[in-house]
Amino acid sequence: QVQLVESGGGLVQPGGSLRLSCAASGRIFSIYNMGWYRQAPGKTREFVAGINSGGRLNYADSVKGRFTISRDNAQSTLTLQMDSLKPEDTAVYYCNARRTDSSFRLYNYWGQGTQVTVSS
């Protein structure tokens, strides 16, 4: 089992910045592929950014150049630095941990989410 707790959400003006954190506990953090997803009202949950167990990065086109994902395996922490925020970034942001073992069993965990609101 992996427990994920997000923090750092809030209200920010357009053009501002926020830093989200996800603290993980439980199984070995370093072997998990980690990611951030978001869900806006009335919309389906969408991928935002990911970093796999080897450190490879991946971003949604809508956030490239504005958001930066990173992980600290020693602290079991995932971070999302969000700059140049836009109103369309408003959503609940979720931390995700995922891996597949040698038997192809999927382990997939979610945090409870943190609200990000971009508004003037």
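Okay, let me start with D61, which is exposed, with a relative accessible area of 64%. Its carboxylate meets the side chain of K64 in a salt bridge, N to O 3.2 Å. Keep that pair in mind, because the exposed D61 makes a nice foil for a buried aspartate I'll get to in a minute. One caveat before I go on: what you have on screen is a predicted model.

Quick overview, then. The protein chain has 11 strands and zero helices, so reading from the N terminus you just get β-β-β-β-β-β-β-β-β-β-β. The radius of gyration comes out at 14 Å, close to the 14 Å that the globule rule gives for 120 residues, so the chain is as compact as a globular protein of that length. If you lay the C-alpha trace along its principal axes, the spans are about 50 × 30 × 25 Å. Of the 120 residues, 40% count as buried. About 6,600 Å² is exposed, and carbon and sulfur atoms supply 47% of that. And on contacts: take those with a separation of 6 or more, and 54% of them are between residues 24 or more positions apart.

Right, back to the salt bridges. How many salt bridges are there in total? The count comes to four. Let me walk you to the buried aspartate I promised, which is D89, with a relative accessible area of 0%. D89 meets the side chain of R38 in a salt bridge, 2.9 Å from N to O. R38 sits in strand β4, while D89 is in the loop between β8 (77-82) and β9, so this pair ties together parts that are 51 residues apart in sequence. R38 counts as buried too, at 6% relative accessibility.

D89 also forms a salt bridge with R66, and there the closest N and O atoms are 2.8 Å apart. R66 belongs to the loop between β6 (57-59) and β7 (67-72), so here the parts tied together are 23 residues apart in sequence. R66 is buried as well, with a relative accessible area of 10%. If you zoom out a bit, R38, E46, R66 and D89 are linked in a network of salt bridges. If you're setting up a calculation on this one, that's the cluster I'd pull up on screen, with R38, E46, R66 and D89 in view.

Now, R38 is in β4, so let's look at that strand. Is β4 largely enclosed or largely open? Five of the seven residues of β4 (residues 33-39) are buried, so the strand is largely enclosed by the rest of the structure. On one pairing, seven bridges join β4 to β9, and the two run antiparallel. To pick a register marker, M34 has A97 in β9 as its bridge partner. β4 also pairs with strand β5 (residues 46-51), again antiparallel, through five bridges. The marker I'd use there is Y37, whose bridge partner in β5 is F47. β4 and β5 form a hairpin with six residues between them, and G42 in the turn has a positive phi of about 80 degrees.

That brings us to β9 from another direction, the disulfide. A search of the whole structure finds one, and it joins C22 to C95 with an S to S distance of 2.1 Å. C22 is in strand β3 (residues 18-26) and C95 is in strand β9 (residues 91-100), so to speak distant parts of the chain, 73 residues apart. For the torsion fans, the angle about the S-S bond is about -80 degrees, so the disulfide is left-handed. How accessible are the two ends? C22 counts as buried at 0% relative accessibility, and C95 is buried with a relative accessible area of 0%.

Last stop, S76, which is in the loop between β7 and β8. S76 is buried, but with a relative accessible area of 19%, where the cut-off for buried is under 20%. Which residues does S76 touch, leaving out those up to four places away in sequence? They are C22, A23, A24 and F29, and C22 is one of the two disulfide cysteines. S76 and S21 are 55 residues apart in sequence, with their C-alpha atoms 10 Å apart in space.

That's my tour, happy to take questions.

How values were computed:
Residues numbered from 1 in each chain as written. Predicted model: local features only at pLDDT ≥ 70, side-chain atom pairs only at ≥ 80, totals over all residues. Heavy atoms only, no water. Disulfide = S-S within 2.5 Å. Helix = DSSP H or I, 4+ residues; strand = E, 2+ residues; numbered from the N terminus. Buried < 20%, exposed > 50% of the residue type's maximum accessible area, 1.4 Å probe, protein only. Pairing = 2+ DSSP bridges. Rg over C-alpha atoms; globule rule 2.2 N^0.38 Å. Contact = heavy atoms within 4.5 Å. Areas by Shrake-Rupley, 256 points an atom, 1.4 Å probe, with all protein chains shown as cover.
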